[in-house]
Amino acid sequence: MKTVTLTDFITDLTQQGNVTVNATIEPFSEIEKQEACQVLEQYYATTLVDIPHTAPAFLPEAALWGAMLIYRACQSILLRHLTESQVRTYLLPYSGPPSAEAIYSIDLTLRFLPDLMHFAKGLSPDDVLVQLLRNTAQSWPFSSVGVDIEENSDHTTFIRLHPSLKYTYVDRIIQKRDHKRLTHPELYDLVKAALGIHADRFWPELKHVTKDLTHIEY
């Protein structure tokens with residue numbers, strides 16, 4: 001059977017949305033990581049035409065962490081014989097400082113996290129993999145719109161202060177109709193402004209949501 005490299009995985013994920021992973025877990029080689037970084041940077045370049053304003057710079061270590069985490073998460077869903085300790089080892093949190101560059105670089109592959117969590121919904125809520133995926137969604141709100149999480153004020157600040165991230169985040173909130181992300185008055189106002197006179201057509205429930213989220217009735 002053909003070995004699926006990290007580069008193969010990233011290419012399939014970003015171009016087709018369908019992926020294959022190896023049935024055994026082997027360490028990623030340094031050459032494999034370097035090649036993966038090159039593919040991620042090429043993909044980053046293709047995303048620049050679709051993102052408003054100027055995107056944050058590419059951060060290789062952050063992009064690589066996101067890709068490896070998604071790869072290992074896919075394997076952990078399929079390889080149910082893995083122990084809790086092994087799953088925790090494969091899905092370690094990002095060790096670098098939060099920044100706009102890290103948020104956007106990680107998002108290159110972490111934007112598929114909500115789909116992955118949907119795929120894992122058949123697992124027990126107490127399953128360590130489910131808990132770690134939820135923790136990841138909590139840590140990276142830019143990539144997890146549509147997932148029910150508590151506010152991550154640190155990252156939300158980075159998102160709000162960067163025009164490119166901010167307007168992309170607003171677009172995602174509207175697409176997912178994720179009213180729980182409207183925890184900051186600026187985001188609420190931006191969503192209202194983006195929808196304009198079409199709010200009742202594209203998000204009719206929004207009229208029941210106030211800036212402080214104290215009035216939500218559907």
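**Exercise 1. Thr 7**

Is Thr 7 buried or exposed?

Solution. Start with the cut-offs: buried means under 20% relative accessible area, exposed over 50%, and partly exposed in between (1.4 Å probe, protein chains only). Thr 7 has 15% relative accessibility, so Thr 7 counts as buried. Next, place the residue: Thr 7 lies in helix α1. Helices (H or I, at least four residues) and strands (E, at least two) are DSSP runs, numbered from the N terminus. Then list the partners. Contact means heavy atoms within 4.5 Å. Setting aside neighbours within four places in sequence, Thr 7 contacts Glu 32, Glu 35, Ala 36 and Val 39.

A note on the model before going on. It is predicted: local features need pLDDT of at least 70, side-chain atom pairs count only at pLDDT 80 or more, and totals for chains, interfaces and linings use all residues. Residues are numbered from 1 along each chain as its sequence is written, and side-chain values use heavy atoms, with hydrogens and water left out.

**Exercise 2. The whole protein**

Find how many helices and strands the protein has, then check its radius of gyration against that of a compact globule.

Solution. Count the elements: there are eleven helices and zero strands. Along the sequence, the pattern reads α-α-α-α-α-α-α-α-α-α-α. Now the radius of gyration, which is taken over C-alpha atoms; the globule rule is 2.2 Å times the number of residues to the power 0.38. For 218 residues, a compact globule would come out near 17 Å, and the protein's 18 Å agrees. Along the principal axes, the C-alpha atoms fill a box of roughly 55 × 40 × 30 Å. Of the 218 residues, 48% count as buried. Last, the contacts: among those between residues at least 6 apart in sequence, 67% join residues at least 24 apart.

**Exercise 3. α1 against α3**

Describe how helix α1 packs on helix α3.

Solution. Two packed helices are described by the angle between their axes and the distance between the axes. Axes are lines fitted to C-alpha atoms, for helices over the stretch in contact, and angles run from 0 to 180 degrees between N-to-C directions. The axes of α1 (residues 6–15) and α3 (residues 60–78) come within 10 Å and cross at roughly 90°. Classify the angle: under 35 degrees counts as roughly parallel, over 145 as roughly antiparallel, 65 to 115 as roughly perpendicular, and the rest as oblique. So α1 is roughly perpendicular to α3. From α1 come Leu 6, Phe 9, Ile 10 and Leu 13; from α3 come Leu 64, Ala 67, Met 68, Ile 70, Tyr 71 and Cys 74. Sort them by type. Ala, Val, Leu, Ile, Met, Phe, Trp, Tyr, Cys and Pro count as nonpolar, Asp, Glu, Lys and Arg as charged, and the others, Gly among them, as polar. The contact of α1 with α3 has ten nonpolar, no polar and no charged residues.

**Exercise 4. α2 against α5**

Do the same for α2 and α5, then work out why α5 is largely enclosed.

Solution. α2 (residues 30–47) and α5 (residues 100–110) pack at about 100°, with axes 10 Å apart. The two helices are therefore roughly perpendicular. Leu 40, Tyr 43, Tyr 44 and Thr 47 of α2 meet Tyr 104, Leu 108 and Thr 109 of α5. These residues divide into five nonpolar, two polar and no charged. Now α5 itself: ten of its eleven residues are buried, so the rest of the structure largely encloses it. Among the buried ones are Ile 103, Tyr 104, Asp 107 and Leu 108.

**Exercise 5. The cysteines**

Explain why Cys 37 has no disulfide with Cys 74.

Solution. A disulfide is a pair of cysteine sulfur atoms within 2.5 Å. The closest cysteine sulfur to that of Cys 37 is in Cys 74, 18 Å away, which is too far for a bond. A search of the whole structure finds zero disulfides. Cys 37 is buried at 17% relative accessibility, and Cys 74 is buried at 11%.

**Exercise 6. Loop residues**

Locate Asp 178, Arg 177 and His 53, and state how accessible each one is.

Solution. Asp 178 sits in the loop between α9 (163–176) and α10 (185–195). Asp 178 is buried, with a relative accessible area of 10%. Leaving out residues up to four places away in sequence, Asp 178 touches Val 145, Gly 146, Val 147, Ile 173 and Trp 203. Arg 177 is in the loop between α9 and α10. At 38%, Arg 177 is partly exposed. Arg 177 has a positive phi of about 50°, although it is not a glycine. His 53 lies in the loop between α2 and α3. His 53 is exposed at 53%. Its phi is positive too, about 60°, and His 53 is not a glycine.
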